[in-house]
Structure formats: structure tokens, C-alpha cells
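Me: I am new to this structure and would like to learn how to read it. Could you walk me through some of its features?

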Amino acid sequence: MDGKALAERVRKDVAEEVASLGRPVGLATVLVGDDPASGVYVRSKQKACREVGIEPFDHNLSSETGQDDLLALVEQLNGDEAVTGILVQLPLPEQIDEDRIIRSIKPIKDVDGFHPFNAGHLLQGSPTFVAATPAGIMEILREYKVDLKGARAVVIGRSNIVGKPMALLLLAEHATVTICHTRTRDLPAVVREADVVVAAVGHPQTVTADMVREGATVVDVGINRTDDGLVGDVAQDVREKAGLLTPVPGGVGPMTIASLLRNTVRAARYQSGELAFPLD
Ligand code: NAD
């Protein structure tokens, strides 16, 4: 499943939507510290913004930044009308309480969808901002007409960023969903039951061909830097078994960025009142 090609189409749609809004849209990105991978992600998000007419506001803070300073910056961005969406790149240095920072972002600007307000709306079946990675995966599955109704779906990974929202989105499409994690007994046996497998683990070769049912749809979320370069969580030999598979790179990654752009335009529509944001 070609996430790169789909993402290009989504970005074109978003560019047209931004132009038709007739008012500026801006995304503030906040990067704390100098983690190289986080730096790459933030820069590619900023570049994608520019390409669709969203203005990126770059905030780069030192790794020594204290929690109060970061809270003050988020507060300033919350009140800045030029800033439509706020993205604080995770992970944050250990002196900072990540959950506290996520909660400080005004829900109507929380384009990552990590604030409990937005995560809670997804849980209750009335989504507002949905985390970009699982939202992008759902778009890939729709594009390739993967039948989810009644399907057995197995999500490996239970993070708030990928695994949990992914499971909720599959559930909303009427899949029968199992979430696996480090304490799951006999992961291969559980995965073998699946029509749809989403691997969001962060370890290469977590899913191997012997674990995959013939013809299953396999989504590889993993980004692992190894001596052989960038690899996902799914072993190469799964290609022979899977009916559909997302490559790494060129699968989930580009759609994550495209979904973030979509969320940022959605934020602009919420803020103008064109879409109702459920605050009451
Ligand atoms: P995380 O570390 O927060 O969560 C990993 C999850 O995997 C945990 O819930 C853990 O229980 C589970 N897990 C770990 N080892 C396991 C094992 N052996 N068996 C079963 N479960 C196991 O990571 P995350 O933020 O959810 O990200 C997961 C992966 O996806 C990472 O490689 C990350 O880089 C990648 N990612 C990619 C994108 C993208 O755009 N492509 C976006 C976000 C994350």
C-alpha cells in the first residue's frame, strides 16, 4: 500500500483547502533538545506545512529547558491568533512532565490529538482531532478498500500516540479488535488470527511470516534505525504472505504528516466557527 502516493494527493487537497479558506493558517512546532530523529521529524513537518501554504512557527528550545518555561511558551501560543495548531514534539527531556505539557495545550489547537479532551472524544465515538499516525493508517485502509466490518484486527502496541487510538478507530469501523503489548502471552498465536495487523512496536522483525495469515493486511508503523538503514517492525518475508502491506519507508510515515496537515486545517475551521468544536 503506497502511502507516499496517497499522501501526495492528500497534500494537494489540503493546499486547495488552505487557499480556499482565505485566511492564514499557522502551525507552531516546539522542539526541546537536540534528539536527531525528533529534529528530522519536526523539519519534515515544517517543510510539508510550507508546501501547502501553512505557515510554520519554529520554536527550538535547549535540552535544559525547565517545565515552567515550556508551559509559558505553550500559554503564549495558546493565545496567539496567528497560531492555528500547536505541536510539541515528543519525547521531552526527563525534567519535563510530558502529560502536564500535553494538558496545557488548548484542546482546540491540539492538532496531534493527544490532549485527554480530544482522546476522550475519540474514545466516546465523536472524534475531534485524531492522532495523525492512526488517522493516516485509516485513510490508507480506506484507499485500498480493506474490509474492516467484522474483521479480526490485531494492534501490536498500546501507546497513547499510536496503539490505543488505532484500536479505537478500527473498532469504530466495526472490526473485532485485540490490543497486544509486552505482556501478551503467545503473540504469534494472536497475530495468526488477524485479517488486519498493525505493528506499532519499535523493534525490527517483531512480525515474521510464520505469524501472518495468508492474505492478511499488514500495516508496519515501526521506524527503526539499524546498521542496514531504516526498517519497520515487520520482517521482509511477510511480503510473501500478506495480501497488502505498507512499506517502510513510504507507507505510514508520509500519511502521518499528511494527516497532521489535515488536522491543522480542521483547527482553522473550528476556530472560525465554521465547524463546531464541542466545548459545551
Ligand atoms: P512506544 O514505545 O510508546 O510503544 C511501543 C509499544 O509496543 C508498547 O505499548 C509496548 O507494550 C509494545 N511492545 C514492545 N515490545 C513488544 C513486544 N515484543 N511484543 C508486543 N508488544 C511490544 O512506541 P510508539 O510511540 O507507539 O511507536 C511505535 C513505533 O512506531 C516506533 O518504532 C515509532 O518510531 C514508530 N512510529 C512511527 C510513526 C510514523 O509516522 N511512521 C509515528 C509514530 C511512531
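Reply: We will go through a sheet, a helix, two spaces and two single residues. Please keep in mind that this is a predicted model.

Me: Let's start with the sheet. In what order do the strands of the open sheet stand, and how do they pair?

Reply: A sheet is read from one edge strand to the other. Here 5 strands form an open sheet in the order β5-β4-β6-β7-β10, and the pairing is parallel. The edges are taken by β5 (176-180) and β10 (244-245), each with a single partner strand, so one side of each has no neighbour in the sheet.

Me: How many bridges join β4 to β6, and how many join β6 to β7?

Reply: Strand β4 (residues 152-156) is joined to β6 by 4 bridges, and 4 bridges also link β6 with β7. To find your place, look for pairs across the strands: Val154 has Val197 in β6 as its bridge partner. On the way to β7, Val196 stands opposite Thr217, and Ala199 faces Asp220.

Me: And how many bridges join β7 to β10?

Reply: There are 2 bridges between these parallel strands. Thr217 of β7 appears here too, standing opposite Leu244 in β10.

Me: Are the two faces of β6 covered or open?

Reply: For a strand, look at the residues on each side in turn. In β6, Val196 and Val198 lie on one side, Val197 and Ala199 on the other, and all are buried, so both faces are covered. The picture for β7 has Thr217 and Val219 on one side and Val218 and Asp220 on the other, all of them buried as well.

Me: Now a helix, please. How many residues does α6 have, and how far does it reach?

Reply: A helix can be checked by comparing its reach with the expected span. Helix α6 (residues 132-143) has 12 residues and reaches 16 Å from its first C-alpha to its last, close to the 16 Å expected at 1.5 Å a residue. After α6 comes Lys145, with a positive phi near 50°.

Me: Why is α6 described as largely enclosed by the rest of the structure?

Reply: Count its buried residues: 10 of the 12 are buried, so the rest of the structure largely encloses α6. Among them are Ala132, Pro134, Gly136, Met138 and Leu141.

Me: What covers the buried residues of α6?

Reply: The cover includes the helices α1 (3-21), α7 (163-172) and α9 (252-272), together with the strands β6 (196-199) and β7 (217-220). That brings in two strands of the sheet we began with.

Me: Let's turn to the spaces. How much space lies in the second largest pocket?

Reply: A pocket is read by its volume and by its lining. The second largest pocket holds about 480 Å³ of space. It is lined by 20 residues, and those closest to its centre are Pro127, Val130, Ala135, Arg142 and Leu169. The elements giving two or more residues to this lining are α6, α7 and α9.

Me: Which element gives the largest share of that lining?

Reply: That is α9, with 6 residues. Sorted by class, the lining of this pocket has 9 nonpolar, 4 polar and 7 charged residues.

Me: How many cavities of 30 Å³ or more are there?

Reply: The count is 1 cavity, and about 50 Å³ of space lies in the largest cavity. Among the residues lining this cavity are Ile86, Val88, Leu90, Asp110, Asp112 and Phe114. Its lining divides into 6 nonpolar, no polar and 2 charged residues.

Me: Finally, single residues. Is Thr206 buried or exposed?

Reply: For one residue, place its relative accessible area against the cut-off. Thr206 has 19%, and buried means under 20%, so this residue is buried. Thr206 lies in the loop between β6 and β7 and touches Leu187, Val201, Met211 and Asp233, leaving out residues up to four places away in sequence.

Me: How does Glu17 read, and which residues does Glu17 touch?

Reply: Glu17, in helix α1, has a relative accessible area of 24% and is partly exposed. Leaving out residues up to four places away in sequence, Glu17 touches Val265 and Arg269. Its C-alpha is 9.6 Å from that of Gly53, a residue 36 residues apart from Glu17 along the chain.

Terms used
Residues numbered from 1 in each chain as written. Predicted model: local features only at pLDDT ≥ 70, side-chain atom pairs only at ≥ 80, totals over all residues. Heavy atoms only, no water. Expected span 1.5 Å × (residues − 1). Buried < 20%, exposed > 50% of the residue type's maximum accessible area, 1.4 Å probe, protein only. Contact = heavy atoms within 4.5 Å. 1 Å grid on protein atoms, 1.4 Å probe; cavity = no way out; pocket = protein on both sides within 12 Å on 5 of 7 lines; lining within 4 Å. Points joined across faces, edges and corners; volume = space filled by probe spheres on them. Nonpolar A, V, L, I, M, F, W, Y, C, P; charged D, E, K, R; others polar. Pairing = 2+ DSSP bridges.
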